[in-house]
Amino acid sequence: MQIVTSTSDLADVCQRLARHDFVTVDTEFLRETTFWPKLCVVQMASPEEAVIVDALAEGLDLAPFFDLMRDESVIKVFHAARQDIEIVYHLGGFIPHPVFDTQVAAMVCGFGDSISYDQLVQRITDKRIDKSSRFTDWARRPLTTKQLDYALADVTHLREVYSFLKANLAEQGRSHWVGDEMEVLTSEDTYRSEPENAWRRLKLRVRKPIEFAVLQEVAAWREREAHSRNVPRNRIIKDDAIYEIAAQQPTTVSALGALRTIPRGFERSRTAEDILAAVKRALDLPKDQLPEVPKGRSAPDGSAAAVDLLKVLLKLVSEAHGVAAKVIATVEDLEKIAADDEADVGALKGWRRELFGEVALKLKRGEMALAFNGRRIVAVEQGEPVVSEQPAKARGKRRSRQRSSAQ
């Protein structure tokens with residue numbers, strides 16, 4: 001087991017890893033008390049070696065690691081990549097590319113919704129991973145042997161998982177399906193955190209434009225404050241406090257201090273002054289410049305029943321083709337399809353439209369029906385079954401049962 005603690009060693013390792021077509025990557029970090037994740041450990045493996053990088057080692061410069069993540073000739077393989085990519089984006093200022101996420105690939109290959117890494121490893125390789133070190137303190141040094149073994153397992157088994165899923169996708173002609181998902185995963189918009197959009201994280205408990213304006217201003221202020229102080233948002237003020245401030249619109253220290261969600265004495269702090277200033281910015285807006293409160297989705301009459309039918313069809317298609325329903329369409333997609341044949345949703349685009357969207361529109365228009373065939377549900381068009389409930393052959397099984405299809 002190689003533990004990298006110096007920049008020169010990291011440069012040598014990354015140079016060797018860059019000679020291969022792919023490298024598996026994982027990170028260990030802490031985030032309980034910070035806004036940004038604190039990177040503690042980086043694990044990487046090629047087909048020939050596996051290394052652990054102590055990201056907290058004194059004097060270590062992660063530049064060689066970032067260079068490897070930028071290398072377009074090397075596929076970066078992650079499992080559930082979003083948080084790992086967020087770390088690279090925050091520390092390095094860029095998105096790794098190209099990327100392959102084995103969790104997404106597993107959903108496309110019929111392993112269910114959001115399968116965990118240890119479950120995927122067991123189903124493909126029959127090997128078990130000890131996950132007891134997952135929530136240990138990765139910032140404490142020295143790292144224990146158990147922690148190191150756990151960290152290394154997160155990238156060594158990933159090599160075999162990647163090779164298997166890649167072959168499985170190629171055999172089924174679904175490699176481009178995963179490619180579509182990777183475009184979203186590697187979009188900068190996925191990770192950019194604009195304070196002006198911070199209100200979108202909150203439940204919209206406002207009815208009047210002025211309340212919405214206050215909520216936007218206070219949420220944006222909290223986002224900037226959390227960024228600059230590197231603390232979780234709720235360490236600044238809690239969501240419930242933002243809702244109450246939006247409703248009550250306090251303009252004085254005493255009015256702020258009287259709010260139920262504001263801790264005693266808080267109104268005398270600098271933070272309280274900032275909140276009152278944010279409220280004042282909203283109250284000073286001319287009436288014609290107040291933001292319009294977003295309206296909830298209004299479902300047309302009968303659409304609830306249509307959505308229920310589409311849910312059944314989605315389950316049918318998912319099981320028949322061995323693809324996780326979550327990858328094909330969301331409940332929001334189904335609601336929009338029920339309301340509009342031309343809805344701008346992923347389920348009506350590309351491979352999803354071919355797999356599900358066209359059938360969904362036919363069902364909605366009455367050109368197709370759902371029926372029972374014995375104990376199974378089938379989608380019937382002109383009296384003939386089109387989609388039937390059946391397990392997808394050789395998908396979502398263990399590697400030993402799929403070896404022939406992966407070769």
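This report walks through a predicted model of a protein, from its overall build down to single residues.

## Overall build

Let's start with the whole chain. The protein has 407 residues, and 47% of them count as buried. Its secondary structure comprises 17 helices and 9 strands. Measured out along the principal axes, the C-alpha atoms fill a box of roughly 75 × 65 × 35 Å. About 21000 Å² of the protein is exposed, with carbon and sulfur atoms supplying 47% of that area. Among contacts with a separation of 6 or more, 64% are between residues 24 or more positions apart.

The domain assignment splits the protein into three parts: domain 1 covers 2-190, domain 2 covers 195-284 and domain 3 covers 303-381. Between the centres of domain 2 and domain 3, taken over C-alpha atoms, there are 42 Å.

## The sheet and the helices across it

A good place to look next is the open sheet, which is built from 6 strands in the order 1-4-3-2-5-6 with mixed pairing. Strand 1 (2-4) and strand 6 are the edge strands, each pairing on one side only. On average, and ignoring direction, neighbouring strands of this sheet are turned by 30 degrees against each other.

Within the sheet, strand 3 pairs with strand 4 (residues 50-54) in the antiparallel sense, over 5 bridges. Here you can find Val41, whose bridge partner in strand 4 is Asp54.

Two helices can be placed against these strands. Helix 2 lies across strand 2, strand 3 and strand 5, and runs at about 105 degrees to strand 5. Helix 6 (residues 145-172) lies across strand 1, strand 2, strand 3, strand 4, strand 5 and strand 6, and its direction is at about 140 degrees to strand 2.

## Helix 3 and its cover

Helix 3 spans residues 82-92, and its buried residues are Asp84, Ile85, Glu86, Ile87, Val88 and Tyr89. What covers these buried residues? The cover includes strand 2 (22-30), strand 3 (38-45), strand 5 (75-78) and strand 6 (99-101), along with helix 2 (63-70) and helix 7 (175-185).

Just after helix 3 comes Gly93, with a positive phi near 80 degrees. The loop that leads from helix 3 to strand 6 also holds Pro98. The peptide bond from His97 to Pro98 is cis, and its omega is near -5 degrees.

## Between helix 5 and helix 6

The loop between helix 5 (117-125) and helix 6 is worth a stop, as Pro142 is found there. Arg141 and Pro142 are joined by a cis peptide bond with an omega of about 5 degrees.

Asp126 is found in the loop between helix 5 and helix 6 as well. Although Asp126 is not a glycine, its phi is positive, at about 70 degrees. Is Asp126 buried, partly exposed or exposed? It counts as partly exposed because its relative accessibility is 40%, which falls between the limits of 20% and 50%.

## The HRDC span

UniProt, in an unreviewed entry, lists residues 208-289 as "domain: HRDC". In the model, this span is 66% helix and 0% strand, and its end C-alpha atoms lie 13 Å apart.

Val214 is found in helix 8 (residues 209-229). Val214 counts as buried because its relative accessibility is 0%, with the limit being under 20%. Which residues does Val214 touch, leaving aside those up to four places away in sequence? They are Ile245, Ala246, Gln249, Val279 and Ala282.

One of these partners, Gln249, is 35 residues from Val214 along the chain, yet the C-alpha atoms of the two are separated by 7.2 Å. Gln249 lies in the loop between helix 10 (239-248) and helix 11 (253-257). Gln249 has a positive phi of about 50 degrees, though it is not a glycine.

## A hairpin in domain 3

Finally, let's turn to strand 7 (residues 369-373) and strand 8 (residues 376-381), which run antiparallel and are joined by 5 bridges. Across this pair, Leu370 stands opposite Ala379 of strand 8. The hairpin has 2 residues between the strands, and Gly374 takes a positive phi near 70 degrees.

Methods: Residues are numbered from 1 along each chain as its sequence is written. This is a predicted model: local features need pLDDT of at least 70, side-chain atom pairs count only at pLDDT 80 or more; totals for chains, interfaces and linings use all residues. Side-chain values use heavy atoms; hydrogens and water are left out. Domain bounds come from an automatic or database domain assignment. Buried means under 20% relative accessible area, exposed over 50%, partly exposed in between (1.4 Å probe, protein chains only). Helices (H or I, at least four residues) and strands (E, at least two) are DSSP runs, numbered from the N terminus. Contact means heavy atoms within 4.5 Å. Two strands pair if DSSP finds at least two bridges between them. Axes are lines fitted to C-alpha atoms, for helices over the stretch in contact, and angles run from 0 to 180 degrees between N-to-C directions. UniProt positions are given in the numbering used here, feature names are shortened, and annotations may be inferred rather than shown by experiment. Accessible areas come from the Shrake-Rupley method with a 1.4 Å probe; for residues, only the protein chains shown count as cover.
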